[in-house]
Every structure is written in C-alpha cells, then in structure tokens.
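Work through the exercises below with the structure open. Each task is followed by a solution in steps.

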Amino acid sequence: MRNKGAILTLAIALAVVCIYQLSFTWKAVSVRNQAKEFAKVAGTDSIDSKLEQYFIDSVSSEKTYLFKLFSYRDIQEKELNFGLDLKGGMNIILEISVTDVIRNLSSNPADTTLNKALALARKMEQNSSEDFIVLFGKAFEQVAPGVSMESLFRTKDLSTQIPFGATNAQVMAVLEEKTSGAINNAFNIISTRINQFGVAQPNIQQLEQAGRIMVDLPGVKDKDRVRKLLQGTANLEFWEVYENTPDVQNILLAINDVVKATIDVEKAKAEEGGEKANTDTAELMTQPQAAPEGLELLDQIAGDSTASSDSALMANDVNAQYPFFQLLQPYPIRDTKETPGPVIGLAHFKDTARVNSYLKLAAERNIVPRDMRFMWSAKPMADQDKKSTNAFELYAVKITGRDGKAPLDGDAVTNARMEMDPVHGNAYVSMSMNAEGATAWARLTAQNVEQCIAIVMDNMVFSAPVVQNEIKGGNSQITGNFTQAEATDLANLLESGKLPAPARIIEENVVGPTLGKEAINAGQVAFIIAFILVLVYMAFYYKSAGYVADVALVTNMFFIFGVLASLGAALTLPGIAGIVLTLGMAVDANVIIYERIREELRAGKGLRLAITDGYKNAYSAIIDGNITTLLAGIILYIFGKGPIQGFATTLIIGILTSLFTAIFVSRIIFENMLSKQKDVKFSRPLTANVLLNAKVDFIGMRKIFYVISAIIIGTGVYSMFTGGFNLGIDFKGGYNYVVRFDQDAQVNTVDLSKNLSEIFDQTVEVKTFGNVGNQVKISTKAIVLEDDAVNVDSLVEAKLFAGLQPLLKEGTTLDSFEENNMMSSQKVGPTISDDIRKSAVWSIVFSLLGIFLYIFMRFRNWRFGFGGVVSLAHDTLFVLGMYSLLRNIMPFSMEIDQSFIAAILTVIGYSINDTVIIYDRIREYRTIHPKYELRDIFNLAMNSTLGRTMNTSLTTLLTLFVMFVYGGEVIRGFIFALLIGIGIGTYSSVFSAAPIVFDMLKVKIGKSKK
C-alpha cells in the first residue's frame, strides 16, 4: 500500500482533533450533571431549577478545564451543538422592509408615483428572484415612463451622491448602496439585541436574499418577548396628547354616527335581497368581545341623564344606536378639578383591528381632526390588583409640526437602563439625552405643565405621565407596570439603536423543551439499534473481514461527531437520520470492496494480491457513486435551511469520512493483519455462494418491468392531478401547532376541527400526532400573514387557546398553555413559502442536471447520463405518486414540505449511486469482453452486482426501518419517503436505468450497421 505512513499520520491527526473537540462536550455534560446533583431536592428525584442555575452561574467564568485555559462558558461555545428540534428553542427568519427603506430615502414618502411603483415591485417580487431594487427600477419605469427619479430622491442627505441631472441608473446605484447599508446596519442592531438577551450559543446570519436574517435561539421559552425584541424598530417618540375631554368624546360620537350610517346602508342592500352586504362591514357587525366591568358609559357620552326602567330595551337601543361603542368602550371623563387624562377608550385585544378600521373610515370622511392620530397602549390595562386584563387603552396624540413628526425622538437618547423603584418595587427605564435632546425635552415639558406627554415606541404608547414642571438636564423615565425582563428588553432596544426599517417575522419555528427531549431520546434509541444491527450483519455476512468493516464504521461515526463539533455545526433530528442513512451507505463502500476481493479469490489469486486488486478495481465504482450522492448533498445544503441543512451537513460529512475509513482505514487494518500472518475470511459457509451463479435475464424481462412501472407511475400521476397533495405550510404558508392534552382528555379531532374553524372563520385541520391519542397537530392559514403587527402571532395563539379551552385542565391560563401544552409551533409567511417552492424545484432540477453532466463526462456517452436521469425521474414520480395516493390513508404526516424535498434529493443521490455501480461494471465488461453480445454484457454486469445490491439495500433499508419505528413522529413521514424511495431506487437501477441504456445503444449499433 503506497503512502501508508502519510495516511496513518492523517488518521491519527484527525483522531486527535476529534478527541480534543469532543472533550469539550464531555466536560460540559459533566458540569451539567454536577449542577443537577447539587440542585437535587433531598429525599426526591426532583431538581430545584434555581439552585441548578446558581451552580452553573457560579462556575461559568471560572477557568478550570484543560490547564485552566477554559471556563464553562468557553466550553459551552465549543461543545457539540444540538439543533432546536433536539434542544428546544426558536428559529426565526426576519425580513427587513426594503420598501420602507426606499420610502424613507425619498423626499416625499407619500408620493403617489413612488407608492404605485413600490406596490408593483412587491407584486413582481412574488414571481421573480431578482433583487428588489432592480424590480423597483422596472416598476417605476412602467408606472412613470421617462420620468426622472432625481426629484424623488435628491434630498438634503443625498444631494452629494445624487447631483442635478442624475440619470435613473445613477439614482438606482445610490439606492442599492443605501439599502445594502441599511440592511447591514439592521443586522448589527439585531445582533446586539440578541447578544444582550443572554442566550447560550445563538446563531445569527444574513441569508443570501437581500434583507433576510436568520436567528437561532436555543432554549428560549418566552416567544412573545423574543418577537417584540426582534420586530421592534425601537422608534422612540415623545408626543403631546389630547386629554379625555367632552370635545374628544364628541369626536367619538361623530365616528359612531359614520359607522352607524355605513352599517345601515349595508343592511339596506342586504334586505333588498339582490346584493350581498360588504364582507368587511358584515364582519364588523359581529358580536364584540366582552368589555371590562364598570365601563358602560354610553349614557354619559350621549348626555342622557334619564335611565330606562326596562334594561333589556335600553341595551337593544344602545346596541342599535352605538355600534362603534360595542367595540370601543369610552373612558369615563374625570372630575373637572383633575387632569382629564390621556386615555379616551378601551377595547378587547381581539377588537382592536376592527376599531382601527372604523377610525380609518372616519379619517377618510374627515371626521377626525388632521392633527389627531390614534395609538394603542403597548400593554393591556392592569386592574386594581395590578393584574393584566384583555383591554387595551386608546390614546389620541397631537400632531404639532408641519412635517407630521414627533417634537422629540429616540435619536436624542444617549443612555438607557433598567432600574427598580425602591418604594413600590416596580421596574422602569431611565434615560439620558444629548444636549440637543435635553433642550427640546425642557421646551416640551415647559409647554405642557399639568398636561400629559405620551412616550411612544413603534406607534405604541408605553406611558403618558402628567408633567408636573419643566424638566431640565435631559433625564427621563419610562414607566408602565413593567416586569424586570420587559424593562430590561426595552432598555436594550433603546441602547442598541433604531432599526432603519421595520423587521417582520416571515418564518418561525418553535420547539418546546419537552418535545426536544423526547426527540433526543427517540433519536438515540434509533441510532443505537440501527448501529448494532449493521455491525452484527456485517460480522455475520463477511466473518473476520466484517469485523474490520465494523471497526471502520465505528471510526467513521467517531469522525462524523468530531467533525461536527469542530465545525460548530448543529446536530438536528434529520441530522441523526442523515447519520443513520450514512451508516447504511458507508457499508456500501465496504461491500463493493469485499465483493471485488471475493471475485479475485474465486479467480484463484492469493489473499494479499486479491485484497490489492479488489481495492484497486473497486475505486472507480466507489468514487463515482459517492460523488453523485455528494452532489445531491451539496445542492440540498445550498437550497435547504434549518434542520434540512443539518441533514445535508451530516450527509456530506458522512460521505467524506466513510470514503476515508472504508478505503484507507480498513486497508491499513488488512495490511497489519497480513503482516502478522493472520488468516482473513471474507465469507462464512452460509454466505459464500449467495447469488454467485445468478443468471437472471434482466434484459429479456425489461419490457414487462417497463409496463409495471408505467402502470404504477401512471396511477400516481392520475392521483396527483385529481387528488393533489397534502401540502405542508412550507409551501402554502400558515401556522402549525402540536398540542398535547392531559392523559384523561377525550380528544375528538372532527369536533375540535369544527370548533376551531368557527373561531378562525376558515378551515382548520386537526390530526392526531404521534402514537398517543391526547396529542394533535393543528394547521391553519388564519390570520392574514401579511399583517405587519408585532402581536399577530400572539392573536393567533390566543384564538387557538380559546378554541381548546374545553379540553384543557381547569384553571389553565394562556401562559401555562403555551408552556405546558404547546409542544411546538411553526409559522411560514406567503412570501417565503413562494421562495421555498421555487428552491424545491430548482434543487431537484440542478441535482438531475449535475448528475447527468457527471455521468456523461465519466462514461463519455450521453446515453448513460440520459438513462440515469430517466431512472431518477421514475423514482421521483413514484414517491410523489405514493404520497398523493396515501395522503389520507397513512396514520402519520404525508405532507409535501422541505423534509420531503430533502428525502427526494437523498433518494436521487442513493439511486444514482446504485445505477453508477451497474454502469461501471457494464463499462468494464465491454472492455474485457469486446466480442460479447451487448445483451450478454448487460445481463452479466447486472447479475455480478446483485450481491452488492442486496447487501447495501438491506443494510440501508434496515437502518431506515429502525429509524421509522423508533425515530419519533416528527421525522416519520420523512423516513417513509426515504424507505419507499430507496426501495424503488434499487428497483429502477436494475430494471430501468440499465435497460434504457441497452435499448438506446442497440438503436445506435443498428444505425451504424446500416
């Protein structure tokens, strides 16, 4: 064996690196176990979480490991990282609004031409992969042909970059530069916020698509806190407010009159019978949520001092006369001796959107003064016991400047910190301002003594304190019944700075710690069982050579985990599936080599020469097969994300390490055994002659299998067009929730679906999830995902909670429901679902193209490439057809999602690996036996590889079956796709790929004879 010393040195070096990297994981686990022992409650098995955290905090900065070079905090950064599906936490994709960046750069954000062009560009973006700035340029040209952009964007700040007479191309270049800078700035601000949030091993990265940022937050539990932290622009403003006076209440009455008139018109249209009432107005006429007690003040606003003796008649009259006040309860006017106060009304959180639509309608009718703008409180109103209610407060701020901007904003803030009120124990935010801000603040407070000033961030009022006197020095406070965490987050938002444009969550995955722990346990069990079965099988089939293969497999697993730790890559549940699949595929290289060696031994060669020639003759087939699989893995890594990228990572690493261990490590072991005169056996008496003299006429039977394939695939294609697929939210957008109820809960999925559909006002799918009857998966497309409101996800979860309450334990609150019953949640916006669909199509197209080109170059005949691609198309259509036919039959998820696409690409890689092995043998036999008939060469090649096909397919399918049974519900559909895909891939390699090449070569030979 050449370069034995160099290979041995490389293997030892790689082993040392892996041991070094994995030692950090061992130490981190050791520290956590010590913490659990320290925090164990005496006489019980329960753990005091506070004591556990105290222990970890006490050792986190102490450098005690590896010659006192590393602390526990350092070790955490270097240990093997688990993905969110195994650890629990949140995976979020944010999108910075490039539209708002462009609008903010313009001299007139309200310009009609600008907004038409932006709207058209957003529409074009849905079906284009071009950069948004490029699309905006095209849209502007369509909306305003020949009009210069210079007047729109030549502002004071951009005057040096956009000179007089600048062309649209020059303006576009500046916009490209500015938006890129704004996105980078947003990335830095979000990174700062996350780092201040205090999460171990966060992952923040910019995605290729402009304006998108991915954030991984392992272990976080408070979803709303994270959403507010990431989506808040931190646009702090100080506004004067309208006090709650009779004049303001009269405006509300005028708004009510407009709403009543509009509803009356719609009712009249509906009563005529020929025309349906407007959907939006009809929705606004539905029953509102219950208002807080003690706020029924309609008689006070109307000035009606007399009360009806018939309360039911009065209630009906009020409902008919005051539809607006069914949603917005006017706030009581205080005694005239006191400051009236800034709150003008209250509404249930579910009614705020409808109140907003009414206020917008009134503004369009010029009922609302031009200098009045309405804003909601940031938090629900607190009751007398300081407990949160469901009612939000409505404020009316006063616009005093000509530009419509606040008199003072957050740019003046230089420092913000959370502090505690020593008297009342409340948390608040203390702020300091620069000199310019301090002057403006002194002027603003001097002008509003004994009046309120609203402190607003992101168009939500955090507090509106009464100014007692002029405040000098630039110091101020934001109060608002904050918890310590909320005040800390608010201070961090102000400290990190204002985002250049709003950020919204377009995709979100949340996995609870319970589900993550269950996934780890399921993955471990599946991996151990599959690993042992493969080791036993190889030892049984190949005897002493099988033991060598087992050593190579163990070494391969060690290298995979070591490389994962070295790269800082996250191990996900699909990643474990990738390792298990790699385990099955790693056997393939050993099987190819061993079958070759057995052939050489049967030819009468000595053991040493047989091993040498066996390895030499197996190289081309091993390399060709693994490179084609590697191509599929690389494409999957490029187009996939999250757990799917984790699957691709382990698959790529596994392919490379299995090549190294199968070709070099096993060879070194054999060389060592031979040097010690040990007898190496490559079979047992029971396995020595398995499929040795197989003489199946595959070519003669090819037309029968063509027909079988055509019938099966035809049936599947018919089902695709008539029944379609069960598309996951990856491809259609929406929400998924996995909810677990108590053991004694009687869950009827049909009734639950009907109940939730009524609450969400659209179809909600409910299916049993897993092997237990008390766990369901709920899928819905409500609420409209384009809504940029920060709390839209919280509203969806609140509706879900309301619909599930009959099945929940008595006394369950929304917070306890999210913590204990909601196992996981997923949100995908429509924009990113379009991108996912496109990526799925392109990933499959590029895989097929790459594989075709590689086979064409290696075999120097396009017919081999064509046969391979047709065979892969056969496999893909078969799996798609099965998923369409069985979508409503199988007791587990049969959704078409990103995991399914990953399975398809893996099947493509595996199937072409099988195909290439047969192609390689055909190429070899055509060289060795030039006088043989083409039919005989193909049959001989296919029969001679049957042993390898059987062993590889059996081990791979065996490991996948174990993963299917024990791997958990989350990946069961994914593994099922791999199972049927690899099964059909083995079939097509033998009965489709090679016969197709035979028929095409036969046509070529026939033409050449003519």
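The model is a predicted one.

**Exercise 1. Find which helix gives the most residues to the nonpolar surface patch, and list the members of the patch.**

Solution.
- Step 1: Helix α27 gives the most, with eight residues.
- Step 2: The helices that each supply at least two residues are α27 (830-859) and α28 (862-885).
- Step 3: The patch is made by Val 841, Trp 842, Val 845, Phe 846, Leu 849, Leu 853, Phe 856, Met 857, Trp 862 and Phe 866, and its area is about 960 Å².

**Exercise 2. Decide whether Met 857 is buried or exposed.**

Solution.
- Step 1: Locate Met 857 in helix α27.
- Step 2: The relative accessibility of Met 857 is 56%.
- Step 3: Exposed means over 50%, so Met 857 counts as exposed.

**Exercise 3. State how many cavities of 30 Å³ or more the structure holds, and describe the largest cavity.**

Solution.
- Step 1: Searching the whole structure gives five cavities of 30 Å³ or more.
- Step 2: For the largest cavity, the volume is about 100 Å³.
- Step 3: This cavity is lined by 13 residues, of which Ile 592, Arg 596, Ile 917, Arg 921 and Thr 945 are the closest to its centre.

**Exercise 4. Break down the lining of the largest cavity by residue class and by helix.**

Solution.
- Step 1: By class, the lining has six charged, four nonpolar and three polar residues.
- Step 2: At least two lining residues each come from α19 (573-602), α20 (607-639) and α29 (898-928).
- Step 3: The largest share belongs to α19, with four residues.

Conventions:
Residues are numbered from 1 along each chain as its sequence is written. This is a predicted model: local features need pLDDT of at least 70, side-chain atom pairs count only at pLDDT 80 or more; totals for chains, interfaces and linings use all residues. Side-chain values use heavy atoms; hydrogens and water are left out. On a 1 Å grid over the protein atoms alone, a cavity is a set of points where a 1.4 Å probe fits but cannot get out, and a pocket is an open set with protein on both sides within 12 Å along at least five of seven lines; lining residues have an atom within 4 Å of a point. Grid points are joined across faces, edges and corners, and a volume is the space filled by probe spheres set on the points. Ala, Val, Leu, Ile, Met, Phe, Trp, Tyr, Cys and Pro count as nonpolar, Asp, Glu, Lys and Arg as charged, and the others, Gly among them, as polar. Patches are made of residues with over 30% relative accessible area and no salt bridge: like charges are joined within 9 Å, nonpolar side chains (Val, Leu, Ile, Met, Phe, Trp, Tyr) within 5 Å. Accessible areas come from the Shrake-Rupley method with a 1.4 Å probe; for residues, only the protein chains shown count as cover. A salt bridge is a side-chain nitrogen of Lys or Arg within 4 Å of a carboxyl oxygen of Asp or Glu. Buried means under 20% relative accessible area, exposed over 50%, partly exposed in between (1.4 Å probe, protein chains only).
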